[in-house]
Amino acid sequence: MKTSVAPSERLVLAYGDRKIAFDIRRSAARKRRSIAIHVEPDGKVRVDAPMDATSPAIRKALTRRLGWVHHQLTDIENRRRWVMPREYVSGETVLYLGRRYRLKVIDAEDHPLTRLRGGYLEVHVGDRSPSWVRDELDRWCRDRAKHVLTERLTNMAGQLRWVREIPPVTIRSMMRQWGSCSPKGRIALNVALICAPAECVDYVLLHELCHLKVRSHRAPFYRLLEAHMPDWRRVKTRLDNMADQILRN
């Protein structure tokens with residue numbers, strides 16, 4: 001079934017000295033008067049509203065939640081203060097499946113090579129400039145993400161009764177989502193998940209696989225999610241709290 005979605009709108013509301021921008025998307029799939037607010041890890045605020053919701057009704061719902069949104073945005077800003085820009089030099093910390101490794105840049109005589117060795121992530125490159133190290137590290141992360149995330153999703157899907165066949169999976173950079181599931185059942189995963197702890201990866205995979213059975217984020221979806229991962233809220237919070245470190249990685 002094709003769901004109608006209206007072009008997004010933007011509403012800016014003031015909370016004290018802060019101006020908060022809300023990106024509003026209307027969809028015919030949402031229940032009447034059901035308005036959901038999502039604060040993304042990058043600080044964007046997204047609103048899902050019914051197609052027939054009036055502008056005053058949306059404004060009223062957002063105004064009631066301004067304090068909560070302000071608190072979420074403040075938490076994100078506080079975490080970002082401790083995140084330093086990456087320089088791609090030996091000694092930096094790199095995350096892989098939630099574990100910290102020391103980056104070790106090594107001169108390469110042949111082809112570029114990246115590998116885990118003990119507590120180090122070794123990057124062998126012919127040119128030690130940050131751009132070369134970054135490109136080789138990005139290539140390695142994409143390769144590992146394609147292998148690890150696809151394997152974990154395949155294993156998990158095999159344990160879920162409603163998944164009749166493994167859905168098509170793509171791995172790509174995503175600015176505002178950890179993953180998504182299209183109406184045709186195609187799953188996209190953020191390459192940055194390869195840096196997250198295994199339980200956080202599994203939460204995202206399960207979340208998207210649950211959408212193969214329940215398309216919306218209504219109560220039946222969360223009941224299904226909780227049945228297979230009772231502490232998903234704790235895991236989601238852990239992932240969101242690490243977002244700035246992971247996306248920087």
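Welcome to a protein chain with seven helices and eleven strands. What you see is a predicted model. Along its principal axes, the C-alpha trace of the chain spans about 65 × 50 × 30 Å. Of the 249 residues in the chain, 41% are buried. Among contacts with a separation of 6 or more, 50% join residues that are 24 or more positions apart.

**The nonpolar cores**

- The largest nonpolar core holds 52 residues.
- Which residues have the most contacts inside this core? They are W178, L189, Y203, L209, L239 and I246.
- Helix 3, which covers residues 130–157, gives the most to this core, with ten residues.
- Another core of 15 residues lies apart from it, and its members include F22, A53, I58 and L73.
- If you look up L239, you will find it touching W178, A196, C200, Y203, V204 and I246, leaving out residues up to four places away in sequence.

**Helix 3 against helix 4**

- Two packed helices are described by the angle between their axes and the distance between the axes.
- For helix 3 and helix 4, the angle is about 60° and the axes are 10 Å apart.
- Why are these two helices called oblique? Angles of 35 to 65 degrees fall outside the parallel and perpendicular classes, and helix 3 and helix 4 are therefore oblique to each other.
- The crossing of helix 3 and helix 4 is right-handed.
- On the helix 3 side, the contact is made by L149, R152, L153, M156 and A157.
- On the helix 4 side, the partners are A198, V201, D202, L205, L206 and L209.
- Sorted by class, the residues of this contact are nine nonpolar, no polar and two charged.

**Helix 4 against helix 5**

- Helix 4 runs over residues 198–210 and helix 5 over residues 219–228.
- This pair packs at an angle of about 135°, with the axes 10 Å apart.
- Helix 4 and helix 5 are therefore oblique to each other as well.
- Their crossing is right-handed.
- Which residues meet here? From helix 4 come Y203, L206, H207 and C210, and from helix 5 come F221, L224, L225 and H228.
- By class, the contact of helix 4 with helix 5 has six nonpolar, two polar and no charged residues.

**A closer look at D202**

- D202 is found in helix 4.
- Is D202 buried or exposed? Its relative accessibility is 18%, so D202 counts as buried, since the cut-off for buried is under 20%.
- Not counting residues up to four places away in sequence, D202 touches R152, M156 and M229.
- Both R152 and M156 also appear in the list of helix 3 residues that make the contact with helix 4.

**A closer look at V163**

- Where does V163 sit? You can find V163 in the loop between helix 3 and strand 9, the strand at 169–172.
- V163 has 11% relative accessibility, so this residue counts as buried too.
- Setting aside residues up to four places away in sequence, V163 touches A157, L209 and L212.
- Among these neighbours, A157 and L209 take part in the contact between helix 3 and helix 4.
- V163 and S182 are 19 residues apart in sequence, and from C-alpha to C-alpha they are 15 Å apart in space.

Methods. Residues numbered from 1 in each chain as written. Predicted model: local features only at pLDDT ≥ 70, side-chain atom pairs only at ≥ 80, totals over all residues. Heavy atoms only, no water. Axes fitted to C-alpha atoms, helices over the stretch in contact; angles between N-to-C directions. Helix = DSSP H or I, 4+ residues; strand = E, 2+ residues; numbered from the N terminus. Parallel < 35°, antiparallel > 145°, perpendicular 65-115°, else oblique. Left-handed = near helix turned anticlockwise from the far one by under 90°. Contact = heavy atoms within 4.5 Å. Nonpolar A, V, L, I, M, F, W, Y, C, P; charged D, E, K, R; others polar. Core = buried A, V, L, I, M, F, W, Y, C linked by side-chain atoms within 4.5 Å. Buried < 20%, exposed > 50% of the residue type's maximum accessible area, 1.4 Å probe, protein only.
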